[in-house]
Structures are given as C-alpha cells and as structure tokens.
Amino acid sequence: GFERWSQLIAMVGASAVLAYFTKSTGHDDYWADLSWMFATWLDSFALAPQVHLLFTGAAKVDESAAHFAGMTLASSIIFALFWGRVARDRYKDFEREGDFTFFHGILVACAFRVCLCGAYFYLF
C-alpha cells in the first residue's frame with residue numbers, strides 16, 4: 001500500500017529528539033515530562049503522510065471521514081490557543097528560571113499541528 005516505514009521511523013525519531021530538547025520540568029518527573037512531549041510532537045507530525053498523499057494526488061479520502069478532518073482541525077486550533085495563552089501568561093516566569101525551551105517547543109508543535117490539520121482539511 002501507501003505505507004512508508006521510513007516516514008514512520010523519521011517521525012518517531014524526530015519526535016524523540018525534539019521531546020528531549022523541549023520537554024518541560026513541570027512535574028519533576030523526567031520520564032513523564034519526556035513521554036508527554038514525545039506524544040505531543042508525534043501527534044503534531046501524525047497527519048504528515050496523509051497530507052503528502054493528498055497533496056501529490058496519490059490517494060483519495062473517503063467522504064465519510066469529513067467529521068474527522070473537521071474535528072481534528074478544531075482540536076488543533078483549540079490546543080494552539082490554549083498553549084498560546086499559557087505561554088503569554090507564564091513565559092516571563094520560565095524565562096527567569098532559564099527554562100523557556102518548553103514554550104518554544106510547544107508553540108512550534110502547535111504550529112505544525114494546525115498547519116498539517118489545516119492542509120488536510122483543505123485538501124480533503
């Protein structure tokens with residue numbers, strides 16, 4: 001089929017590296033913070049293969065998945081608005097402590113997620 005293991009491995013690898021560099025210290029639990037950020041990055045990249053297939057015209061999407069496309073986009077926008085608000089309200093606190101990479105990471109992950117979901121919805 002259309003599955004490319006190289007894409008999956010690249011997404012998992014990129015998510016792991018980005019999670020390591022952008023994880024928070026909010027829970028004082030290294031593995032919890034790392035795994036949460038890993039999941040956030042992986043979720044942000046999840047639609048990349050589908051967007052690629054739709055963009056190149058290699059695949060068509062079943063119309064019954066319209067609710068998925070719309071709800072995924074809505075969820076991504078709400079997720080980005082939430083973290084944008086938190087970053088705006090708390091950035092100075094974290095900057096003083098020298099721990100601002102989390103906010104940069106989460107906002108970039110939000111941007112990827114909204115862009116990919118928006119592209120998926122548009123191409124759908």
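# A tour from Asp43 to the nonpolar cores

Begin by selecting Asp43, which is placed in helix H2; helices here are DSSP runs of H or I of at least four residues, numbered from the N terminus. This is a predicted model, in which local features need pLDDT of at least 70 and side-chain atom pairs count only at pLDDT 80 or more, while totals for chains, interfaces and linings use all residues. Residues are numbered from 1 along each chain as its sequence is written, and side-chain values use heavy atoms, with hydrogens and water left out.

Asp43 has a relative accessibility of 38% and therefore counts as partly exposed (buried is under 20% relative accessible area, exposed is over 50%, and partly exposed lies in between, with a 1.4 Å probe and protein chains only). Add Phe112 to the selection: its C-alpha lies 9.6 Å from that of Asp43, although 69 residues separate the two in sequence.

Next, display H2 (residues 30–45) together with H5 (residues 101–123). Their axes are 8 Å apart and meet at an angle of about 25 degrees; axes are lines fitted to C-alpha atoms, for helices over the stretch in contact, and angles run from 0 to 180 degrees between N-to-C directions. H2 and H5 are therefore roughly parallel, a term for angles under 35 degrees. To the contact (heavy atoms within 4.5 Å), H2 contributes Trp36, Met37, Thr40, Trp41, Asp43, Ser44 and Phe45, and H5 contributes residues including Phe102, Ile106, Phe112 and Arg113.

Now select H3, residues 48–56. Pro49, Val51, Leu53 and Leu54 are its buried residues, and the buried residues of H3 pack against H1 (5–22), H2 and H5. Just after H3, inspect Gly57, whose phi is positive at about 80 degrees.

Turn then to the largest nonpolar core, which has 17 residues. A nonpolar core is a set of buried Ala, Val, Leu, Ile, Met, Phe, Trp, Tyr and Cys residues joined through side-chain atoms within 4.5 Å. Select Met37, Trp41, Trp83, Phe102, Phe103, Ile106 and Cys110, the members that touch the most others. H1, H2, H4 (66–96) and H5 each supply at least two residues of this core, and H4 gives the most, with six.

Within this group, centre the view on Cys110. Leaving aside neighbours within four places in sequence, Cys110 is in contact with Phe79, Ala80 and Trp83. Finally, select Leu47, Leu54, Leu73 and Cys117, which are among the eight residues of another core, lying apart from the largest one.

Conventions: Angles under 35 degrees count as roughly parallel, over 145 as roughly antiparallel, 65 to 115 as roughly perpendicular and the rest as oblique.
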